[in-house]
Amino acid sequence: MTKTMLLDNIAHADLRIAQRTGAAFGDAVNQTLIFPTEVEAVQREFPILIQKDAESAWQLTALLGLDRDENLFLGADGWTSRYVPAVHRRGPFLIGIQSRDGMDHPVVHIDLDDPRVGDEGEPLFLPHGGNGPHLDRVADTLRTIHEGHMMMQPMFAAFEMTGLLAPVALDIELDDAQRYAIHNRFTIDADRLAQLSGDDLLALNQTGFLGLAFAIRSSLANVEYLILRKRARMMG
């Protein structure tokens, strides 16, 4: 159950946010949704895979583990990766839409029932009502999510139009007894990417999608890094 409302520097002047991570806060997952706005950072750390959601819409996911509810980048003291995906950084905050002057504007909402919200941790507001450093970081994270969500459909439309999406299957063998097969996923077709016409390259580059295509494809090299983490976890 949640109690979500618009964040207000008067009504919520004394609220603080405790920095907590773990399974109780949705971090124990073997894959997570990411957005085009964070692909450059994500591809340095995690394999990026493409799949369709329940409504057959394309989405980007970062692979975090191999077993169910396994995040190989989550330790006893929190995330051990250099980058934490935006949906896990936002904490008890959400994006809302407020209509002003005939236009919709994104605003910050907070879940007051989240156990991280209370009188411990970092203050959200300065003594005279301005945003504290933590709230500024939250705003940046929510902007990453909001702007990335807006980019998702046009990016995949461009990838489909240029024939860049291709199925990919990951068959991972840890030892003779333990294997993992990850199917029904997609990636960027490296051969097709290399063969794009000048017009297609120009169009993708002008929209910023060309660099994202290269980053998504190159992120698959991180599967080896994931395997190393898995073997280290198995050895205790």
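**Contacts of E122, the three-stranded sheet and the nonpolar core**

Beyond its neighbours within four places in sequence, E122 contacts L15, R16, I17, Q19, H134 and R137. The model is a predicted one. Among these partners, R137 also makes a polar contact with E122, side chain to side chain, at 3.0 Å. E122 itself belongs to strand 11, which covers residues 122–123. Its relative accessibility is 27%, so E122 is classed as partly exposed; the cut-off for a buried residue is under 20%. S81 lies 41 residues from E122 along the chain. The C-alpha atoms of these two residues are 22 Å apart.

Q43 offers a second local view. This residue sits in a loop, with helix 1 (39–42) on one side and strand 4 (48–52) on the other. Its relative accessible area is 16%. That value falls under the 20% limit, so Q43 counts as buried. Neighbours within four places in sequence aside, the contacts of Q43 are I48, A215, S218, S219 and N222.

The sheet comes next. Three strands make up an open sheet, and their order is 1-9-8. The pairing is antiparallel. Strand 1 (4–6) and strand 8 (93–100) are the edge strands. Each has a single partner strand, so one side of each has no neighbour in the sheet. From one strand to the next, the twist averages 40°. Strand 9 spans residues 103–111 and pairs with strand 1 over three bridges, in the antiparallel sense. Within strand 9, D111 stands opposite T4.

A helix packs against this sheet. Helix 3 (residues 133–161) lies across strand 8 and strand 9. Relative to strand 8, helix 3 runs at about 75°.

Nonpolar side chains tend to be buried together in soluble globular proteins. The largest nonpolar core in the model holds 60 residues. Those touching the most other members are L60, F93, L124, F156, F159 and I188. At least two residues of this core come from each of several elements. On the helical side, these are helix 1, helix 3, helix 6 (209–218) and helix 7 (222–234). The strands are strand 4, strand 5 (58–63), strand 12 (165–173) and strand 13 (179–188). Helix 3 gives the most to the core, supplying nine residues. Helix 3 is thus described twice here: it lies across strand 8 and strand 9, and it gives the most to the largest nonpolar core.

Key
Residues are numbered from 1 along each chain as its sequence is written. This is a predicted model: local features need pLDDT of at least 70, side-chain atom pairs count only at pLDDT 80 or more; totals for chains, interfaces and linings use all residues. Side-chain values use heavy atoms; hydrogens and water are left out. Helices (H or I, at least four residues) and strands (E, at least two) are DSSP runs, numbered from the N terminus. Buried means under 20% relative accessible area, exposed over 50%, partly exposed in between (1.4 Å probe, protein chains only). Contact means heavy atoms within 4.5 Å. A polar contact is a pair of N or O atoms within 3.5 Å; within protein, one must be able to donate a hydrogen and the other to accept it, and residues adjacent in sequence count only if both atoms are side-chain atoms. Two strands pair if DSSP finds at least two bridges between them. Axes are lines fitted to C-alpha atoms, for helices over the stretch in contact, and angles run from 0 to 180 degrees between N-to-C directions. A nonpolar core is a set of buried Ala, Val, Leu, Ile, Met, Phe, Trp, Tyr and Cys residues joined through side-chain atoms within 4.5 Å.
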